[in-house]
Amino acid sequence: MNPFSVHGPRNLRGVIWMAVAVVVVAGGLAMASLLPEGSPFHASAFVVSLAGKYLAYAMLALSVDLVWGFAGILTLGHAAFFALGGYAMGMYLMREIGARGVYGNASLPDFMIFLSWKSLPWYWWGSEHFAWAALLVVAVPGLLAGVFGWLAFRSRVSGVYLSIITQALTYALMLAFFQNGLGFGGNNGLTDFKDILGADLHAPLTRAVLLVVTGVLLAASLLAARFVVASRFGHLLVAVRDAENRTRFLGYRPDQVKLLVWVFSAMVAGLGGALYVTQVGIINPGEFAPANSIESVIWVAVGGRGTLCGAVLGAILVNLGKTLFTAWLPEFWLYGLGFLFIGTTLFLPQGIMGLLRHVRKPPAEEVTPEVSDTQGGEA
Amino acid sequence: MPVNLPPLSRRAFGRLALAASAAAVGGMWRTAPARAAAPTGEPIRVGILHSLSGTMAISETTLKDVMLMLIAEQNRRGGVLGRPLEPVVVDPASNWPLFAEKARQLLSVDRAAAVFGCWTSVSRKSVLPVFEELNGILFYPVQYEGQECSRNIFYTGAAPNQQAIPAVDYLLSEDGGGAKRFALIGTDYVYPRTTNQILVNYLKAKGIADADIMVNYTPFGQSDWQTIVSQIKAFGSAGKKTAVVSTINGDANVPFYKELGNQGISATDIPVMAFSVGEEELAGMDTAPLVGQLAAWNYFESIDTPANTSFIKQWHDYTKNPKRTTNDPMEAHYIGFNMWVQAVTKAGTTDHDKVIDAMIGIRQPNLTGGVAEMLPDHHLTKPVYIGEIQEDGQFSVVWKTPSLVPGQAWSPWVPETRDLIGDWSKPIACGNYNTATKTCLGHRHA
Amino acid sequence: MRSACLVVALWLGAVLLPGACAYADAFSGLGSARPDEMLGAISTLAVSGDPQAGTVLRALGERHLFAAPDGGLYIRQGETCVDARTGQPVATVPDGLKPVRLNNRIRTALAGAQASMALLAPQAETRLKAADALYARHDPAMVPTLEHALSVEKDAAVRTRLMQARAATILAQPAQQDTQDQRLEAVRSLAAVGGLEARGILAGVAQSDAEAPQVRHAAQAAVSSMDWHLRAWSVAQNAFYGLSYGSVLLLAATGLAITFGVMGVINMAHGEMMMIGAYVTWMVQQAIRVSVPALEPVAILVAIPVAFVVCGGMGVLIERGLIRFLYGRPLETLLATWGLSLILQQAVRSIFGPTNIAVQTPAWLSGSVAVGGMDITLNRLAILVFAALVLGGLMLVLRRTPLGLQMRAVTQNRRMAALMGIRTPRVDALAFGLGAGLAGLAGVAVSQIDNVSPNLGQSYIIDSFMVVVFGGVGNLWGTLAAAMALGMGGKVLEPAIGAVSAKIAILVLVILYIQRHPRGMFPVRGRGVES
């Protein structure tokens, strides 16, 4: 039995509810943060920045769910796209600092000065413009995903092979970004940002606006993703996931179908990364670490693969748990995280969403199409 | 007497909270961790921001333990301002953005009066904006690359001029072997990069030619050193006395020294001067082939002073392990913590601004002799020791600076920062003051 | 007055000649805190002919020499205490004894002094070693000592070495007009010796302006011909590095090749199995040290089967307790085993502490042997051999045992194998156990070259996966070829573009290769494996 039934396209109502909930929560927290500090409904900057971070992670989870849940590509390197989007935004934020760095140099970021760079490398060109940065945020991950996916899907790399080379991709990028010679600040990455579009990043209003923007963009991505998977194209996608060869024999081009969703997903991840950097205030090669990509897959698994809403829910809940337990049980939280992964895969194969549906409907109503056994090795 | 069992009670609280539903984030944060019964008043919270899991746990866990010990000791002595101290331990899990998040939590949720934490430079860089925004106090206990001077950070570890420069002076001296050729080997991150940049300029000023300096960087966790060690060997065969200056990051040192030993390079052939190898790292190595290799620190466990002996005894009693070693960053926390206690006592409040101002000029005896003084640039005066590795995993001091060395935030050996100083005392009150143009470049306190 | 004499002698920078001061001064100099005085004392003692000199210098080198506040010197060995000057045991150990401290400069001088004394030792072997040491040290002041030794030496091998040492020593002296011929001779002699040390001395001569032109040219020619020689050897040396790196990768990857190949399980806790293997090695060493100290040097050999059994047993437990519920969903086993790896890491951290532990390297695995112009480090060589043995053993198991037959059957077509009566669950459990056991063996090997800490596994897991995927899942020859290719490739690129870039380049090459050959270098063919 394939535990991941094609329920994704049928959960329109759920997706709309989730999108509205995300916007409402983000908006509510943003408003609450603008209340005076004494007010009982005041939300501290800490809570606002945490919420922003969770929502940015939710975008990453959403992008992972798109490819894993609907195209059957288990990516172990999606954090690379997230981080690239983050770096693109980080470059802009770095340039916004201007002459307020510790060396007071208006044209070069601090890390370049102490590494004795004389001028900006070519790929920093235009990074002072927000519009260019915004373009790069989706273009760079999209382009990388395009080249990588085109090569991989064309030659029918699939299953664990694909998983491992996505992991190799993010690992190689991590090592590359660690190098100081690359011009992205090495291990320290980009940090100590001051402004975005002239607004002070540390001001409560800027934070509130950023949170709302993140919420709205997440909701929009959620709806766009839902539109993609519910369309004719989406059906094709699921067909490719469940029986790639059969789809090919019917005259479709699975490689092109996969490539499209792969690139779209990378762009969503990049956008998430950009929003993440503005609210967390640092981007460094650690974001490329293979462990991060694996974790993002786990958020999706916890929430429920192939449901879109589940990805958002999983990302938020797991990260909330991580925040709480690293503070309460600093020495034991890793056990919790480990058991969460094991427990989810053993007892909640369809994640929280599966549990919810189970509670709402008697299980007999769930009809899942049987897929060929040979596909089981690949899904 | 305040009862001091905060870690346990926090844990118990955590279990309770686990049972409770995970709703209402905002509200949850307000619930303070269970407080120890404190007859003497509202506890003062002290944040401990060290990784307990992930790659840095190997070094940082010890610092968490030493902070808990120091706080327990202070509480036994009656706390500070008659109030008990309460440690707040969090785990940033060697994840740099998580450091920023946890710093914000310690400052804005737990209202920590001071935070002791960070090890790597990137973790410090990650929390720096948070500490500046929320006007917190961070004590950073590790030797670092300098080129930074924040009003909200007290750098209790060594600046480059308190470790790297004296170490190279020693290698150049007759006793150090009179080295004429230097291989600067490091892990590729900002501390080795900056330190080596400073050292290259310094060595050139000392008349060492470009061709006699080799710089090499390796990735984190490098475990196969065969090629690099053989390169060092070849570099050392040019007919001049050669020395290695190692800024290799903690974890990669064990395989590096193993390879040195196996390829037969002994300290008398090519001495290796390390800046990141301390007692704790040696505890994981078989030191017999390393005897005579060097390290530069401001503290060694083997230094025989009454203060150090009693500190080591206290540490062994606290950890119930007579073999646990002490090291330089632990002493830095010891000095930093005691200075903070003094400053709070002097200011009569834990108010961050008042404590920051009170910190400058505070004096605290080092464990190894001499008195550390907090300078206006938030660095300390420190003695510098060169130690040789012994068979028993300890260092024996072979050289020390004749007097205490004041820390310099900005290196005079880097052209861009030649004229910069940090001075947080009035009237300058600036982290990057240019003494040539008499202007503050922007690191100013409002 | 005596110490004044010493100071004056040092002031002149002269090497002390016998008789400059009475030898008793030399002894008291040893206890001095000043390196200069110690150096003087060592040189004096070496040539004093005092019967106690050898013993005292050896005690100094081994850090058994202690100084009393009153200037007395004592050699302490365990509980016994001997007066250094007289060699007589002392009844009561004086108070305030402090060990005499060394630094590298003194250690070097000490080695030289000991070598110069050993030149006149009765055994040829000792004299040869001493000549070696003096060659390595080539201290200009040693010329008279060497001349003297040469004049009495009979043994041919020792004589040759002494001549070479003299040549090196002569070249280490500053050049003078009338010594040209002698120096030219020395250059030729050294050029014939070869090796990095000779090159070092000759390079110094070749660069020196004070040198006579013909000597300098001879040295330059010698250096450039040696460089050619050294470069040729360095190719061989690099090949060895590549093989050795490849063998580590191979050990780390064979276990994965089994679990991956037979069961299609991506075991993310594989690295942690290696880590546990390394910790088992440490525990075995500790246990043997306490119980049978005599066996300590071979503790590592004892650890091999223990690690295999412990890790293999854990593997079977993991398969029975976790993996078997997830068959047919291999990518979810990835998540579950990742969770498991977090738990194992944290458990080891809680039990053994987060810091590195010191796994001893026995003496027979330390050091290196010179083969022509290259150094073969013994621990690397041992790992190379070990990897070959493990691979060979595994091949035997797979080809010659019923279990191997069944495993191959399951790999090729699980359903068919089950229909033929093979109990596939049992084969799965044993295969997983075998894979974990192999990881444990890799852990034993890695404990000899790397950190042993809870993070150990993390640093190998990605590389191991790359090897398995690159070679082709389910094919041991592929794993071998991939490990060696990645190891060699890395080591060939490393000197040219640096360690970091080499690693990135290798990763990119593997990614591109997989695009061309989606099933690795040696794809397994069969009905079941085609999806």
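This passage looks at salt bridges in a predicted model, moving from a pair within chain A to pairs that cross between chains B and C.

Side chains of opposite charge can pair when their charged atoms come close. Across all chains of the model, the count comes to 47 salt bridges. A good place to start is chain A, where Asp192(A) and Lys194(A) form a salt bridge whose closest N and O atoms lie 3.6 Å apart. Because buried means under 20% relative accessible area, Lys194(A), at 19%, counts as buried. Asp192(A) is likewise buried, with a relative accessible area of 19%.

Chains B and C offer further pairs to follow. Asp224(B) meets Lys491(C) in a salt bridge, with an N to O distance of 3.1 Å. This contact runs between chains: Asp224(B) sits in the loop between strand E7 (213-218) and helix H8 (226-235) of chain B, while Lys491(C) belongs to helix H20 (residues 476-497) of chain C. Asp224(B) and Lys491(C) are both buried.

A salt bridge also joins the side chains of Arg380(C) and Glu259(B), at 3.4 Å from N to O. Here the pair links two helices across the chains, with Arg380(C) in helix H15 (residues 378-400) of chain C and Glu259(B) in helix H9 (residues 253-262) of chain B. Arg380(C) has a relative accessibility of 3% and so counts as buried; Glu259(B), at 2%, is buried as well. Through shared partners, salt bridges connect Asp224(B), Glu259(B), Arg380(C), Lys491(C) and Glu494(C) in one network.

Terms used:
Residues are numbered from 1 along each chain as its sequence is written. Chains are lettered from A and ligands numbered from 1 in the order in which they are written. This is a predicted model: local features need pLDDT of at least 70, side-chain atom pairs count only at pLDDT 80 or more; totals for chains, interfaces and linings use all residues. Side-chain values use heavy atoms; hydrogens and water are left out. A salt bridge is a side-chain nitrogen of Lys or Arg within 4 Å of a carboxyl oxygen of Asp or Glu. Buried means under 20% relative accessible area, exposed over 50%, partly exposed in between (1.4 Å probe, protein chains only). Helices (H or I, at least four residues) and strands (E, at least two) are DSSP runs, numbered from the N terminus.
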